[in-house]
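Please find below a note on the structure, set out as numbered points. It deals in turn with the aromatic residues, the nonpolar cores, one helix and one loop residue.

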Amino acid sequence: MRVLVLTGAGVSAESGIPTFRGKDGYWRNLDPARLATPEAFEKNPKLVWEWYRERRQRIRNAQPNAAHEAIANLAQHAHEFLLITQNVDDLHARAGLPKEKMVQIHGDIFLTRCSRCDFGFTERKHEHEHEHEQEQEEEEENVVPRCAKRDALMRPGVVWFGEQLPWNEVQRVEGYLGGGVCDLVIVAGTTATFGYIIDWAMRAAAPNGELIEVNPEETPLSQFATRLVREPAAIALPRLVDQLVAQPPEL
Ligand code: APR
């Protein structure tokens with residue numbers, strides 16, 4: 001089977017990570033314009049860093065749930081597989097999903113990069129280790145880190161509102177979609193707020209692939225789905241994947 005999975009914050013909700021627009025979602029109490037835009041960072045980098053460090057800590061204390069594990073299991077059994085996640089947490093990776101089978105289209109919260117140059121991006125491993133010690137100190141003092149090369153401000157490696165999607169990652173998505181129709185597309189835990197999520201899901205499933213939406217609530221994508229599963233992802237996805245692995249559909 002050729003499979004595409006798209007996920008959003010709802011998949012990490014059962015790991016204790018708030019969604020954005022759901023009940024108690026981040027955007028219910030906090031103003032994204034004050035925390036998740038380049039302008040907000042320009043205006044008050046300290047406040048922005050405080051919020052992202054808080055989120056990093058919450059994610060470090062969280063564990064992948066059965067939905068993340070089911071997706072990693074599906075990736076192992078599918079002939080071809082790609083996950084496109086909007087989540088900046090590392091729970092899909094910690095559930096065992098290899099990096100080459102995943103695209104974090106909105107970035108990675110644990111990456112720190114220069115707001116001017118691309119420092120901090122390439123030597124991920126080294127940079128991460130380096131960052132960790134330094135980060136501990138900076139976290140305690142809530143210091144805004146500065147780029148060793150350009151002395152510009154360092155920022156979390158995520159995509160903010162009004163910013164372009166990372167070009168390399170979009171190319172990876174287009175490459176996978178260009179590789180042929182998917183027999184199965186699963187969209188789980190997202191309000192599908194952004195048009196590209198609906199576009200990628202529909203292009204992958206067209207003309208007659210299965211498009212399954214897993215979400216307790218209706219979304220703009222629901223009308224295009226061939227199957228709606230109105231249940232929490234950590235309940236629905238393990239069952240769905242076990243069924244698929246036990247009885248792969250005739251193709
Ligand atoms: N299982 C499945 N779906 C769930 C669960 C659950 N346990 N709990 C909530 N949901 C659904 C909600 O019904 C909602 O449709 O998950 C969705 C969460 O939607 P959002 O909070 O809008 O999150 P997401 O779609 O990932 O947001 C997209 O917007 O704020 C930006 O960059 C941010 O990546 C994020 C993007």
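1. Which residues do ring pairs link into a cluster? In this predicted model, the cluster consists of F20, Y26, F41, W51, Y52 and W160.

2. The count of aromatic pairs comes to eight. One of them joins F41 and W160 in a tilted arrangement, with 5.3 Å from centre to centre and 40 degrees between the planes. F41 belongs to helix α4 (residues 38–43), whereas W160 lies in the loop between β5 (154–158) and α9 (167–178), so this pair ties together parts that are 119 residues apart in sequence. Both F41 and W160 are buried.

3. F161 and F194 form another tilted pair, at 6.5 Å centre to centre and with 50 degrees between the planes. The loop between β5 and α9 holds F161, and the loop between β6 and α10 (195–205) holds F194; the pair therefore ties together parts that are 33 residues apart in sequence. Each ring belongs to a partly exposed residue: the relative accessible area is 33% for F161 and 26% for F194.

4. Charged side chains also sit over aromatic rings. R155 lies over the face of W160, 3.8 Å from the ring centre. The charged end of R2 is placed over the ring of Y176, at 4.1 Å from its centre.

5. The largest nonpolar core comprises 26 residues, and V5, L74, F81, I186, V214 and L237 have the most contacts inside it. At least two residues of this core are supplied by each of β1, α6, β2, β6, β7 (210–214) and α11. The largest share, seven residues, comes from α11. A second, separate core has 23 residues, including L82, A192, W200 and L221.

6. F81 merits a closer look. When neighbours within four places in sequence are left aside, F81 is in contact with V3, V5, I71, L74, A75, L97, K101 and Y176. Among these partners, I71, L74 and A75 are buried residues of α6, and Y176 is the residue whose ring lies under the charged end of R2.

7. Helix α6 (residues 66–77) contains 12 residues and reaches 17 Å from its first C-alpha to its last, close to the 16 Å expected. At its N-terminal end, N65 acts as the cap, with a side-chain oxygen 2.7 Å from the backbone nitrogen of A67. The buried residues of α6 are A67, H68, A70, I71, A72, L74 and A75. What covers them includes β1 (2–7), α1 (10–13), β2 (80–85), α7 (91–94), β6 (184–188) and α11 (233–246).

8. Where does S115 lie, and what does its side chain reach? S115 is placed in the loop between β4 (107–114) and α8 (124–141), and its side chain reaches the backbone oxygen of L153 at 2.6 Å. The relative accessibility of S115 is 33%, so the residue counts as partly exposed. S115 and M154 are 39 residues apart in sequence, yet their C-alpha atoms are 5.4 Å apart in space.

9. The contacts of S115 lead back to the aromatic residues. Apart from neighbours within four places in sequence, S115 is in contact with F41, A152, L153, M154 and R155. Of these, F41 is a member of the ring cluster, and R155 is the residue that lies over the face of W160.

Terms used. Residues numbered from 1 in each chain as written. Predicted model: local features only at pLDDT ≥ 70, side-chain atom pairs only at ≥ 80, totals over all residues. Heavy atoms only, no water. Helix = DSSP H or I, 4+ residues; strand = E, 2+ residues; numbered from the N terminus. Expected span 1.5 Å × (residues − 1). Buried < 20%, exposed > 50% of the residue type's maximum accessible area, 1.4 Å probe, protein only. Contact = heavy atoms within 4.5 Å. Polar contact = N/O pair within 3.5 Å; in protein donor to acceptor, adjacent residues only side chain to side chain. Phe/Tyr/Trp six-rings, centres within 6.5 Å; stacked < 30°, edge-to-face > 60°. Lys NZ or Arg CZ within 6 Å of the ring centre and 35° of its normal. Core = buried A, V, L, I, M, F, W, Y, C linked by side-chain atoms within 4.5 Å.
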